Amino acid sequence: ADACELAAKTYSRETGVDVAITRKPTGEAYAQVRAARDNPRADVWYGGTIAPLLQAAPEGLLEVYRSPRLADLAPWAREATERSGFRVAAIYRIVIGFGMNPALLSKQRVEAPRCWSDLTAAALSNDVELSNPVTSGTGYTILATLVTLYGEDGAFDYLRRLAPNVVRYTQSGTAQGPSVARGEVAVGVSFVHEFVTQQLAGFAVDIAIPCEGTGAALGGMAIVAGAPHPREARLFYDWALGRDAQELANHTRNLIVPANSSATVRPEAARFANVPTLDVDPMRFSQPELRKRLLARWQREIGDAAAKR
């Protein structure tokens with residue numbers, strides 16, 4: 001939220017255009033854009049994992065726009081933007097990892113997990129926190145990562161074995177950083193920058209990249225179809241892809257790998273910029289049929305059981 005607010009304030013100061021931000025988990029943002037398709041109130045969908053945006057694109061919810069700034073993007077960002085038919089721009093890259101509270105793990109005499117398989121250890125009962133993939137883009141990225149790693153049936157078998165250790169599935173994927181930092185849980189699974197944020201705030205939080213492999217996600221941006229201020233939306237879109245705008249996050253504790261190839265990456269984020277990742281294809285996992293099936297299965301086999309605990 002701090003990075004988004006800084007972007008809004010900076011853009012308003014530089015252009016004189018007022019910007020209002022409504023912050024929602026990515027799944028809720030998608031639902032809102034879809035519900036308001038006949039009378040859109042938003043102009044730009046800015047940030048959040050790219051899969052829900054890619055799902056919205058073929059539904060006609062997002063405008064096609066070829067920004068003159070696309071040439072400034074890194075190859076991975078240009079490729080993702082082109083594959084979306086220029087309806088969604090990739091604006092940053094983030095990686096899934098574990099955040100751990102070393103004091104809690106030591107007190108409970110539990111060895112720090114380094115692999116996905118370690119999270120199912122009985123010693124971590126009710127001490128792991130994830131996000132709900134139905135509402136959270138982070139949660140859906142974790143689900144897609146596990147399906148890529150184990151196959152669909154293998155992923156759900158893993159999730160059932162993991163369930164006794166999960167104290168809660170949060171609505172948003174940003175909750176795990178504070179939960180681990182405050183000692184509410186020993187382990188959180190989220191994008192690593194959420195835990196780097198806590199380190200920079202002075203909390204003792206350790207970070208690990210799962211040994212079996214991990215997933216990465218791209219952050220996305222798009223102009224809402226029928227946006228009430230289309231000209232201003234394009235101007236903001238162009239500005240947001242520029243180097244200066246992409247470096248704004250460096251002045252907050254929200255550390256990401258920016259899409260603009262000339263933007264500086266802070267050392268704390270650079271540590272994870274080249275982490276080897278699984279091929280979690282955002283185009284595949286944004287397909288409506290697959291996404292709907294995976295989320296329905298998660299709710300049926302994991303979410304409903306968790307609600308009864």
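Why is the disulfide of Cys 115 and Cys 211 right-handed? The torsion about the S-S bond of these two cysteines is about 120°, so the disulfide is right-handed.

The model is predicted, so that local features need pLDDT of at least 70 and side-chain atom pairs count only at pLDDT 80 or more, while totals for chains, interfaces and linings use all residues. Residues are numbered from 1 along each chain as its sequence is written, and side-chain values use heavy atoms, with hydrogens and water left out.

**The disulfide**

Select Cys 115 and Cys 211, which are joined S to S at 2.0 Å; the structure holds 1 disulfide, the term being used for a pair of cysteine sulfur atoms within 2.5 Å. The pair links distant parts of the chain, 96 residues apart, with Cys 115 in the loop between α5 and β3 (128–131) and Cys 211 in the loop between β6 and β7. Helices (H or I, at least four residues) and strands (E, at least two) are DSSP runs, numbered from the N terminus. Cys 115 has a relative accessible area of 13% and is therefore buried, whereas Cys 4, at 25%, is partly exposed; buried means under 20% relative accessible area, exposed over 50%, and partly exposed in between, with a 1.4 Å probe and protein chains only.

**Two loop residues**

Select Thr 214 next, in the loop between β6 (206–208) and β7 (216–223), where a relative accessibility of 0% makes this residue count as buried. The Thr 214 side chain reaches the backbone oxygen of Ile 96 at 2.7 Å. Among the residues in contact with Thr 214, leaving aside neighbours within four places in sequence, are Ile 96, Trp 116, Thr 145, Ile 209 and Pro 276, contact meaning heavy atoms within 4.5 Å.

Moving to Asn 101, in the loop between β2 (89–100) and α5 (102–107), one finds a residue that counts as buried at 7% relative accessibility. A polar atom of the Asn 101 side chain lies 2.8 Å from the backbone oxygen of Val 180. Not counting residues up to four places away in sequence, Asn 101 touches Val 180, Ala 181, Gly 183, Val 185, Ala 186 and Ala 204.

**The nonpolar cores**

A nonpolar core is a set of buried Ala, Val, Leu, Ile, Met, Phe, Trp, Tyr and Cys residues joined through side-chain atoms within 4.5 Å. Select Leu 62, Trp 116, Leu 143, Leu 159, Val 187 and Val 189, which touch the most other members of the largest core, a set of 80 residues. The element that gives the most to this core is β2, with 8 residues. Apart from it lies another core, of 14 residues, among them Val 185, Val 205, Ile 207 and Ala 269. Centring the view on Val 187 brings up contacts, outside four places in sequence, that include Phe 98, Met 100, Leu 105, Leu 119, Val 128 and Val 180.

**Strand β7 and helix α10**

Which residue of strand β7 is the next stop? Select Ala 222, found in that strand, which is buried with a relative accessible area of 0%. Ala 222 and Ala 42 are 180 residues apart in sequence and 11 Å apart in space, C-alpha to C-alpha. The residues that Ala 222 touches, not counting those up to four places away in sequence, include Trp 45, Leu 53, Leu 62 and Tyr 237.

Tyr 237 leads to helix α10 (residues 230–240), whose buried residues are Ala 233, Phe 236, Tyr 237, Asp 238, Trp 239 and Ala 240. Their cover includes α1 (2–15), β1 (44–49), β2, β7 and α11 (243–246).

**Empty space**

On a 1 Å grid over the protein atoms alone, a cavity is a set of points where a 1.4 Å probe fits but cannot get out, and a pocket is an open set with protein on both sides within 12 Å along at least five of seven lines, lining residues having an atom within 4 Å of a point. Grid points are joined across faces, edges and corners, and a volume is the space filled by probe spheres set on the points.

For the second largest pocket, with about 500 Å³ of space, select Ala 216, Leu 218, Val 280, Asp 281 and Pro 282, which lie nearest its centre among 23 lining residues. The largest share of that lining, 4 residues, comes from α4.

A search of the whole structure finds 2 cavities of 30 Å³ or more, and the largest cavity has a volume of about 90 Å³. To end the tour, select its lining, which includes Arg 93, Val 95, His 193, Leu 255, Glu 268 and Phe 272; β2, α9 (192–200) and α12 (267–270) each supply at least two residues of this lining.

Terms used
A polar contact is a pair of N or O atoms within 3.5 Å; within protein, one must be able to donate a hydrogen and the other to accept it, and residues adjacent in sequence count only if both atoms are side-chain atoms.
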